[in-house]
Amino acid sequence: MELRSLGRTGVQVSALCLGCMNWGDNNSGTSEEDSIEIMHRAIDAGINFFDTADIYGRGESETITGNALSVDGHRDRVFLATKFFNKMDEGAPNSWGGHRFHIIKACEDSLRRLQTDHIDLYQMHRPQPTIPIDETLRALDDLVRQGKVRYIGTSTFGAWQLVESLWASKELSLNRFVCEQPPYNLLDRRIERELLPFCQTYGFGVIPWAPIAGGLLSGKYRLGQPRPEGARYEKGAFANRDNDSALAAIELYLKFCEEREYDPVHFALAWCAAQSGVTSPIIGPRTLGQLENYLKSMQLTITVEDMTKIDSIFPPGTHVSNYYNANFGPNTRWM
Ligand SMILES: NC(=O)c1ccc[n+]([C@@H]2O[C@H](COP(=O)([O-])OP(=O)(O)OC[C@H]3O[C@@H](n4cnc5c(N)ncnc54)[C@H](OP(=O)(O)O)[C@@H]3O)[C@@H](O)[C@H]2O)c1
């Protein structure tokens, strides 16, 4: 597995990051046993970078991830990322957000669930413009100085918000964010406009989420056909995240892959990992078989001709579908 520098830090992380969002009954239903098997197989395959969040199953993903890493010395070999921000207790109005009261408690809770004394990358899951960024940064800086957190990062921030954070860090001599986690895949290329050039200029690592658009780029969702049973976008909150313009572009994409004998998952992931400025796409296997398939993408070499053709299907800087806006609304409006 190729290793890459995480932004301007000296840390070397694998070119694929393992996303832990599916673990547990409150998530996609991947059992603890299967989740642990997937995590241990990922480590065997050379993946040393894991990403979870407190909100995934309201602590369930972190607990299962902690169980997997607590054996065979795995914890020390993995660069472990988690996130805070989302509401963890419906009965407690301050149990979310980017303020000191919540950040310190959220970190202590994550450390306990993950069975570790430090988090390697502690990320703010969404920006919160109503709170001055210096309050957030100072609380995070305290956690770094206490040794509970190694590096701090963000998710789904706008470039201007990250510039503002660097300005505050510099002015107040606080640890700065070193990594951003944005949505990025063939269907959603918005970050190419500002965020990616910003990250390259200022030495941020970039770890894209949903590199195969949550499965939309796998070929199992087809225009005019019912959604496959048991798939993530079959029903529920995600069901409105595809639309006909996205599915029409996907039809062109599948033809492109068929002509070149590419597996659509392999190409979509390899394309994401090959983009300038990208550190490690975060893969989201629900099963061991899906993990094995993601791993094969690292053998695919993308040609200049492929890139040109792909740009004619999914134009650079654009967003073919509204599937994120439908659910994430204002949170991604500024990207
Ligand atoms: N920061 C954020 O706001 C944010 C948001 C989302 C995710 N994330 C992080 O990013 C990680 C990855 O996100 P993601 O899960 O959306 O990534 P993804 O890799 O784009 O999508 C993963 C989903 O695609 C489907 N899939 C995977 N391989 C397949 C195959 N070979 N054939 C058919 N379907 C396949 C599976 O869903 P089904 O089998 O269930 O259909 C799987 O759970 C998460 O685990 C999490 O760590 C972060």
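**Ligand environment and a helix pair**

An oxygen atom of the ligand lies 3.4 Å from a polar backbone atom of P211. This contact, like the others reported here, is taken from a predicted model. Nitrogen atoms of the ligand also take part in polar contacts. For S155, an N or O atom of the side chain is placed 2.7 Å from a nitrogen atom of the ligand. For N293, the separation between a polar side-chain atom and a nitrogen atom of the ligand is 3.2 Å. On its own, the ligand has 910 Å² of accessible area, of which the protein covers 93%.

Two elements, strand 10 (282-283) and helix 10 (288-296), each supply two or more residues to the shell around the ligand. Helix 10 makes the greatest contribution, giving three residues. In total, 31 residues surround the ligand, and those that come nearest are D51, S155, K220, R232 and Y294. S155 thus appears both in this nearest group and in a side-chain polar contact at 2.7 Å. Sorted by class, the shell consists of 14 nonpolar, 11 polar and six charged residues.

The packing of one helix pair was also examined. Packed helices are described in terms of the angle and the distance between their axes. The axes of helix 9 (residues 264-274) and helix 11 (residues 304-313) approach within 12 Å, with a crossing angle of roughly 100°. Because angles of 65 to 115 degrees count as roughly perpendicular, helix 9 is assigned as roughly perpendicular to helix 11. On the side of helix 9, the contact is formed by F267, W271 and A274, which meet D306, M307 and I310 of helix 11. Five nonpolar residues and one charged residue make up this contact between helix 9 and helix 11, with no polar residues.

Terms used
Residues are numbered from 1 along each chain as its sequence is written. This is a predicted model: local features need pLDDT of at least 70, side-chain atom pairs count only at pLDDT 80 or more; totals for chains, interfaces and linings use all residues. Side-chain values use heavy atoms; hydrogens and water are left out. Axes are lines fitted to C-alpha atoms, for helices over the stretch in contact, and angles run from 0 to 180 degrees between N-to-C directions. Helices (H or I, at least four residues) and strands (E, at least two) are DSSP runs, numbered from the N terminus. Angles under 35 degrees count as roughly parallel, over 145 as roughly antiparallel, 65 to 115 as roughly perpendicular and the rest as oblique. Contact means heavy atoms within 4.5 Å. Ala, Val, Leu, Ile, Met, Phe, Trp, Tyr, Cys and Pro count as nonpolar, Asp, Glu, Lys and Arg as charged, and the others, Gly among them, as polar. A residue is near a molecule or strand if one of its heavy atoms lies within 4 Å of it. A polar contact is a pair of N or O atoms within 3.5 Å; within protein, one must be able to donate a hydrogen and the other to accept it, and residues adjacent in sequence count only if both atoms are side-chain atoms. Accessible areas come from the Shrake-Rupley method with a 1.4 Å probe; for residues, only the protein chains shown count as cover.
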